[in-house]
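Biologist: Got a minute to walk me through this one? I'd like to go over the side chains with you.

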Amino acid sequence: MASRPGRSRHDSTDGDSDAPEEVLPPFFSTTFSTHRVSPLYVGRQQLDTSRLDQLAHRLRDTLVGDVVRGIQIGLESTDTPAGQVGTLRSVKIRWFHAQRLLDRDLYFTEQDGGAGLTDAVMRQWNRLPETHKRGLWIEIRHENAAYVALLLPGHPGSVRDRRSGTNGWAMQSDGKSLETRIDQDQFVHLPLLLLRMPQALKVVIGDWISTTFDCRVSKLNLGTRTLVSVWEDWIKTAGLPGKGPDFSVSLAFNAPIAKKERSGAQESEEESDHDGMSTDPGLRGMDITIAPQDLRRFFRRGEQSDELYRSNSSGPWENDMRERRRLAGGNADDGWGWRTSQEPDDHPFTEALARYLDHHLALNMFHPSVRVVQISCGGFMLAQSRLKIVKVGSVSDELARAAWVFVTRLGERLRGEHLVDLGL
């Protein structure tokens, strides 16, 4: 049997060409919810096939047991006319190669060029041990529907040195920190969890993962910086389409509005401290739609900028870090303070869009209370807690590269090194 097209040069170790094709989980054209997971504790016994089978059996018992004890999981599916998924058929947990999840093996050498960020990330990735490049696939198959949970490795730079094991610390009696060594071989780092299942089942799976591997599972709320970076990287990697679906960006606002006049008896002391402003939000959101044929005009306009755009409507919050943080809200990924460390050509499309909105709508998009909450185009949809990468036909090199940068940006968000900026 001929080898599959797109196999990388390091696949010569796969053995006999008649070996069965690796089964991969669904990824493209599937909407996932995004979650973060702390390192999974597996102990000294590694997650080999036999142990994964045991865990799958336990998960099946958990799902069936919840129904027997009368706990309604509410497994509903919109994919079936009756809205019923039927009986539980199987639960499987298996490893898969994270690179091959993109339907095409990406392999770059030091001499390769072209994609910039993609090549740099892939060179880091190729240096990692094979055990650090794998993901876990949990498949729950019912009679009429199948649900998926994918645990993916993060950004290559976020992988700690397993041999040093200096991730934790303890306190001495005098209050000083005492660095302790942790055996990192007993942990598996799969920080990104993607779920495709009903909300009630998400709760069950999240609890099961946290209990089984002694870890923490929480919702991953992507903010403005990640969404904008993914879109700009996508443009530079996959290019801008000249036709197809419209580009859409959704903005949300955290800005307060002037409160209504009240009598002195009705106005509380707490409200008086807000200088005549109510904490209730004003304009809730705004959707901006751009035709595909106009996207390149925005991009070219942004590339021609020599400096970061600054609106004339800037206020006293401009240099007040405390006020910027209050206006941006609790998500460290929101706000626009990180632009001060960027160059205009890092986000040319966003710079041009901000100029356009300021000129035509008098809207300062770089106000810290303005948030990007969703971006969608013909290639992907990315929201605060959902993502989808669209595949039309076969996977091209450009789509594979763009999808890889897409996932890498999420890994950087999980890594969080650049999100502790006081300027937000």
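Modeller: Sure. Let's start with Glu143, which is partly exposed at 45% relative accessibility. Keep in mind that this is a predicted model.

Biologist: OK, which side chain does Glu143 meet in a salt bridge?

Modeller: Arg89, with an N to O distance of 4.0 Å. Arg89 counts as exposed, at 52% relative accessibility.

Biologist: And what parts does that pair tie together?

Modeller: Glu143 sits in the loop between β4 (134-142) and β5 (146-152), and Arg89 belongs to strand β3 (residues 88-97), so the bridge ties together parts that are 54 residues apart in sequence.

Biologist: How many salt bridges turn up in the whole structure?

Modeller: Seven. One of them joins the side chains of Glu139 and Arg141, at 2.5 Å, N to O.

Biologist: Are those two buried or exposed?

Modeller: Glu139 is buried, with a relative accessible area of 7%. Arg141 is partly exposed at 38%.

Biologist: Any others worth a look?

Modeller: Try Arg339 and Glu351, whose side chains form a salt bridge at 2.9 Å, N to O. That one links distant parts of the chain, 12 residues apart: Arg339 is in the loop between α7 (321-328) and α8 (348-361), and Glu351 is in helix α8.

Biologist: How buried are they?

Modeller: Arg339 counts as buried at 11% relative accessibility, and Glu351 is buried too, at 3%. There is also a network, in which salt bridges with shared partners join Arg94, Glu139 and Arg141.

Biologist: Back to Glu139 for a second. Which residue does Glu139 stand opposite in β5?

Modeller: Val148. β4 and β5 pair in the antiparallel sense, over six bridges, and a hairpin of three residues joins β4 to β5.

Biologist: Does β5 have another partner on file? I mean, what strand do five bridges join to β5?

Modeller: Strand β9 (residues 192-196), and that pairing is antiparallel as well. Within it, Leu150 stands opposite Leu194 in β9.

Biologist: Why would you call β5 largely enclosed?

Modeller: Six of its seven residues are buried, so the rest of the structure largely encloses β5.

Biologist: Switching to packing. What does the largest nonpolar core look like?

Modeller: It has 57 residues, and Trp231, Leu251, Phe349 and Phe380 touch the most other members. Helix α9 (residues 397-415) gives the most to this core, with eight residues.

Biologist: And where does that core lie with respect to domain 1 and domain 2?

Modeller: Between them, because domain 1 (30-157 + 184-219) and domain 2 (224-256 + 283-384) both give residues to the core.

Biologist: What does Phe349 touch, leaving out residues up to four places away in sequence?

Modeller: Trp231, Glu232, Ile235, Phe247, Ile290, Leu295, Phe298 and Phe299. Apart from this core lies another one, of 33 residues, among them Leu59, Ile140, Leu193 and Cys215.

Biologist: You mentioned a cysteine. How many disulfides does the count come to?

Modeller: Zero disulfides, going by the sulfur distance rule. As for the cysteines themselves, Cys215 counts as buried at 11% relative accessibility, and Cys377 is buried at 15%.

Biologist: New topic: where does Thr224 lie?

Modeller: In helix α4 (residues 224-238). Thr224 is buried, with a relative accessible area of 0%.

Biologist: What is Thr224 in contact with, setting aside its neighbours within four places in sequence?

Modeller: Asp333, Asp334, Gly335, Trp336, Trp338, Val370, Arg371 and Val372.

Biologist: Last one, Lys388. What strand is Lys388 in?

Modeller: Strand β17 (residues 386-389). Lys388 is partly exposed, with a relative accessible area of 28%.

Biologist: How far apart are Lys388 and Phe32?

Modeller: They are 356 residues apart in sequence and 6.5 Å apart in space, C-alpha to C-alpha.

Biologist: And which residues does Lys388 touch, not counting those up to four places away in sequence?

Modeller: Ser29, Thr30, Thr31, Gly379, Phe380 and Met381. You've met Phe380 already: along with Trp231, Leu251 and Phe349, Phe380 touches the most other members of the largest nonpolar core.

How values were computed:
Residues are numbered from 1 along each chain as its sequence is written. This is a predicted model: local features need pLDDT of at least 70, side-chain atom pairs count only at pLDDT 80 or more; totals for chains, interfaces and linings use all residues. Side-chain values use heavy atoms; hydrogens and water are left out. A nonpolar core is a set of buried Ala, Val, Leu, Ile, Met, Phe, Trp, Tyr and Cys residues joined through side-chain atoms within 4.5 Å. Buried means under 20% relative accessible area, exposed over 50%, partly exposed in between (1.4 Å probe, protein chains only). Helices (H or I, at least four residues) and strands (E, at least two) are DSSP runs, numbered from the N terminus. Domain bounds come from an automatic or database domain assignment. Contact means heavy atoms within 4.5 Å. A disulfide is a pair of cysteine sulfur atoms within 2.5 Å. Two strands pair if DSSP finds at least two bridges between them.
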